[in-house]
Amino acid sequence: MTDVLETTVTTPLADDATWWRQAAVYQIYPRSFADANADGIGDLPGITARVPYLRDLGIDAVWLSPFYPSALADGGYDVDDYRDVDPRLGTLADFDAMVDALHGAGIRIIVDIVPNHTSDRHEWFVEALASPAGSAARARYIFRDGLGPNGSLPPADWTSAFGGPAWEPVGDGQWYLHYFATEQPDLNWDNPEVHEDFLTTLRFWSDRGVDGFRIDVAHGLAKRLDAELPTQAEMDAMPKDGGHPLWDRDEVHEIYAEWRRVFDSYTPPRTAVAEAWVDSSRRPRYASPDGLGQAFNFDLLESEFDAAEFRSIVTANLALAAASGSSTTWVLSNHDVVRHATRYGLPPRSGIDEKHGSQWLLSGGVTPVLDREQGLRRARAASLFMLALPGSAYVYQGEELGLHEVAEIPAAERQDPAFFRNPGIDIGRDGCRVPIPWTRDGSSFGFGAESAHLPQPSWFGDSSVEAEAADPASTLSLYRDALALRHALQGAEELEWVTTDRADVLHFRRPNGWGIVLNFGTEPVALPAGEVLIASASLVGGRLAGESAVWLRAA
Ligand code: NOJ
């Protein structure tokens, strides 16, 4: 590391309305982060105890995946009560203590809001089941009469995102829609009561000091279900450009305009980021300052480790962000996909789309052969690339340790509904949700329990915080150094591409005279003039090694 950091000024948590634009946000999957009460499930006091780790890592904010009361039919995305904490994870007082500790360390907090569906244990759904067809209680959800004699056939042949049917009978001839698991009934956003209740929830957490919200399935809330429902095949053939019955309908933005008024009633305004799997041309509306303000861009996460793909993704997304007046977001890993260290160590496209790597998982981690070193080498370079980009960067817990996906989870211990609803087709997302190794050895590698809720493999110890904190060449040290430098150097949300001699080498510069060179190829390449601030791998005779990156400051 260089003397750059000597000039760093620590900014106190101020009423800065733009803090999110280039924030480094660390995603915590609470059940798998740190377990303070040793029951096998991570909890809020566990997070509070690890605030010094988060501070030293150098992130600006944390985003917590759901910590609300839940039967965990979908890892907490099946919410029983939006304004409480799951007793296994703590209490509202624990939440307040966590927020104080985070804010005290200069870290903001974003919580996950799940508005497309509740859980089937939510008081509204319990009431809906106990109430007759046509009742006000059922009108909060999407109930339809079944077809055929006594309504014994589903209203449509739709398939849920996790596989299997998307309509479930309730025994009186009616069926309800659950686009995700059976335990996740979809809400009816045509109902004003649903609107009111979510406004109350947004105020509830904002009043408790929450700085922002991550909006789950943000593109799915507005639905248009006519009396005659289309078939799944008809829906599959429909473009998703505003006219689809389920996805990315224009009316959804009326909901976010309503939410924006709540966000803006706070100082600083609360922020939000949309999880919206929409065509990129339609992303700016979610990111508009009149709406949620920012939207996830998953393009890097879906890309191969490839110079041309990376470059065109960056160029396109900076233009989209400019069109929305927002900043863009970068993501390489999250709780829904195979970790990027593993994706990059597998043959290209071994799996499909966001499930890239699924074939390998299905084989129990045997075929195709994972090249762990190559995966990690590339992941370190790609992470430096992401952290050098303008916009905000989302870091998923464990990626700062260079963790690989865990393939070796026995079927009996898997939890993800995607695994149970798609036998032999989808192994699910448990492999990136295995509790974090804090120590080299000991029970649950320092996670806190005798045994963690998902089994940790023996190789976890080598990638533990304890092992890596002591090693200046570790991935943890790389992230710490990069995040500190990013703070010191960030500057305006711009970059300029610098021409290179090789198609597999990218070079860009940021306004403050620093930038990155990334060698996607395997042959070393000469570096342009400048001071090397940080490197993902040792230089080879002064040249940039294959599959590695450096941050350079102009000479
Ligand atoms: C997206 C979340 O990231 C994922 O984990 C969840 O299963 C679905 N939404 C349904 O809530």
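Trainee: What makes strand 7 and strand 8 count as a pair in this predicted model?

Mentor: Two strands are taken to pair if at least two bridges are found between them, and strand 7 (residues 212-215) is joined to strand 8 over four bridges, in the parallel sense. One of the partnerships can be named, since Phe213 has Ala272 of strand 8 as its bridge partner.

Trainee: Which place does strand 8 take in the sheet, and why is it called an edge strand?

Mentor: The sheet is open and has seven strands in the order 8-7-3-2-1-10-9, with parallel pairing. Strand 8 (271-274) and strand 9 (329-331) each pair on one side only, and for that reason they are the edge strands. Neighbouring strands of this sheet are turned against each other by 25° on average, with direction ignored.

Trainee: How do you know that strand 3 is largely enclosed by the rest of the structure?

Mentor: A residue is buried when its relative accessible area is under 20%, and six of the six residues of strand 3 (residues 108-113) are buried, so the strand is largely enclosed. In a regular strand the side chains alternate between the two faces of the sheet. Here Arg108, Ile110 and Asp112 point one way from strand 3, while Ile109, Val111 and Ile113 point the other way, and all are buried. Strand 3 also pairs with strand 2 (residues 61-64) in the parallel sense over four bridges, and Val62 stands opposite Ile109 there.

Trainee: Why is Gln184 called buried, and where is it found?

Mentor: Gln184 lies in the loop between strand 6 (174-177) and helix 5 (192-207). Its relative accessibility is 0%, and because the limit for buried is under 20%, Gln184 counts as buried.

Trainee: What makes the approach of the Gln184 side chain to Tyr77 a polar contact?

Mentor: The side chain of Gln184 reaches the backbone oxygen of Tyr77 at 2.9 Å, and the cut-off for a pair of N or O atoms is within 3.5 Å.

Trainee: How many cavities are counted, and what lines the largest cavity?

Mentor: There are three cavities of 30 Å³ or more, and the largest cavity holds about 90 Å³ of space. Of the 14 residues lining the largest cavity, Arg283, Ala287, Ala295, Ala321 and Thr328 are the closest to its centre. Helix 8 (283-287) and helix 10 (307-324) each supply at least two lining residues, and helix 10 gives the largest share, four residues. By character, the lining divides into five nonpolar, eight polar and one charged residue.

Definitions and conventions
Residues numbered from 1 in each chain as written. Predicted model: local features only at pLDDT ≥ 70, side-chain atom pairs only at ≥ 80, totals over all residues. Heavy atoms only, no water. 1 Å grid on protein atoms, 1.4 Å probe; cavity = no way out; pocket = protein on both sides within 12 Å on 5 of 7 lines; lining within 4 Å. Points joined across faces, edges and corners; volume = space filled by probe spheres on them. Nonpolar A, V, L, I, M, F, W, Y, C, P; charged D, E, K, R; others polar. Axes fitted to C-alpha atoms, helices over the stretch in contact; angles between N-to-C directions. Buried < 20%, exposed > 50% of the residue type's maximum accessible area, 1.4 Å probe, protein only. Polar contact = N/O pair within 3.5 Å; in protein donor to acceptor, adjacent residues only side chain to side chain.
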